[in-house]
Amino acid sequence: MVISSTVPRLVIAAPSSGSGKTTVATGLMAAFAERGLAVSPHKAGPDYIDPGYHALATGRPGRNLDAFMCGPELVASLFAHGAAGCDLAVVEGVMGLYDGAAGRGELASTAQVAKLLRAPVVLVVDASSQSRSVAALVHGFASFDPQVRLGGVILNKVGSDRHEAMLREALEEAGMPVLGVLRRAPQVATPSRHLGLVPVAERRADALAAVAALADQVRQGCDLDALLALARTAPPLACEAWSPGPASSGGAPNGKGRGGGPLIAVAGGPAFTFSYAEHAELLRAAGAEVVTFDPLNDEALPPGTAGLVIGGGFPEVYAPELSANEPLRAAVAAFAAAGGPVAAECAGLLYLARSLDGKPMCGVLDADARMSERLTLGYREAVAVSDSPLAATGTRLRGHEFHRTVVEPGAGARPAWGFTHPERRVEGFVQGNVHASYLHTHWAAQPSVASRFASAAADFAAAAAARP
């Protein structure tokens, strides 16, 4: 059923990465939430880390809007699903406003997401090394694509009152509203490392303090009333809200979950922080019970585990601790050896390997992993080349790679994926009921992935229950 979403919304963009989008977007989310508004947080692109800070700021799941992985046709629907019942939605952009998938024009750019959502854009400009030139910069971004509605500017890293006056004068001449001015504030900077910001789960107390400081900075420097008024100018968005769907074959009554379906254990904690909220929703809609466990601290899988999902994160940071948890490593290996369905992405691939930087891991895969100086980053088009509990041979998905590690060999005797763009190669491992790969995927684009995995978990639980 097509409905009309009238949730007020803003897209927070910038001329380039490093301009302060996360600072402003997270601060705005927290400041509006403090006002008592129900704020729906979103992030353009595949990033997992920023949505963790968004969730901390709003108390709601941070959700991604990725036009490459999910397709442009799903962006508005996923937005409507996440923003249902909210007073305001804030979408943090990715890279520069017009930067998208390499060689694909506007695809997956912040500009495309803004157009698909019919949302006004607020441009965050790092003004630290310019004055009157800011007007030329903003004019260029405002006029580059007439379908992108630039509603105002937030000036970041402004050095002084005089600097602010010069910037305001230039933008006034250009007819562009200044909706906020933020001074340099290193005390609210969030620490980074080899793949970006340190995730919330690794520094929760400090992250809470940082989000509170961002809210205070934004509250003092931005015109929240004007920003809310701008958000309310977004026209109704006619679309069918995405839904994870009704329960399907995964909910077999002979499963091990308390609700009658199979129990699927999902790795979490500081070492495994990368996941999309829609994945758990899809598994539950397929009849599964989803339970989180922490491979750093839990010495056993949740009782009755019938499926295991080990997503992305930073196992390389915690390799000694993960290795030291020998009981859980043995339990994971035993589960895989018994034919339990396992879906592992990136960090999960490393955890299933024989070793990571010389530290023993689960040993499910006949492969070794190590840190690398080379960053592997980019969108991929892939086709499943081996039947697995995650995908039938021939299933096509778009995904994303993002890692500074290497697994040797890079593919098993039965690879998981064949990449068709931007390069042609096979990657990953299908071994028994294990599917392990570097590729991050968004299951909302292919819900059959979740229902297939839940069905495999139900079959495993049924077989276990039938044993004497």
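Which strands does helix H11 lie across, and at about what angle to S14 does the helix run? Hold on to that, everyone, while I set the scene. What we have on screen is a predicted model.

Let's begin with a sheet. Six strands form an open sheet with mixed pairing, and the order is S13-S12-S14-S15-S23-S22. The edges are S13, residues 289-293, and S22, residues 429-431; each has a single partner strand, so one side of each is left without a neighbour in the sheet. On average, neighbouring strands here are turned by 15 degrees against each other, direction ignored.

Now look at one pair within this sheet. S12, residues 263-267, and S14, residues 305-310, run parallel and are joined by four bridges. If you'd like a place to click, Leu 263 has Thr 305 as its bridge partner in S14.

Back to my opening question. Helix H11, residues 326-337, lies across S13, S14, S15 and S23. Its direction is at about 115 degrees to S14.

Let's move to strand S2, residues 9-13. This strand is mostly covered, with five of its five residues buried. Arg 9, Val 11 and Ala 13 point one way, Leu 10 and Ile 12 point the other way, and all are buried. Yes, that includes the arginine, Arg 9!

And what does S2 pair with? One partner is S5, residues 88-92, which runs parallel to S2 and is joined to it by four bridges; there, Arg 9 stands opposite Ala 89. Another is S6, residues 121-126, also parallel to S2, with three bridges between them. In that pairing, Val 11 has Val 121 as its bridge partner.

Thanks, everyone!

Notes
Residues numbered from 1 in each chain as written. Predicted model: local features only at pLDDT ≥ 70, side-chain atom pairs only at ≥ 80, totals over all residues. Heavy atoms only, no water. Pairing = 2+ DSSP bridges. Helix = DSSP H or I, 4+ residues; strand = E, 2+ residues; numbered from the N terminus. Axes fitted to C-alpha atoms, helices over the stretch in contact; angles between N-to-C directions. Contact = heavy atoms within 4.5 Å. Buried < 20%, exposed > 50% of the residue type's maximum accessible area, 1.4 Å probe, protein only.
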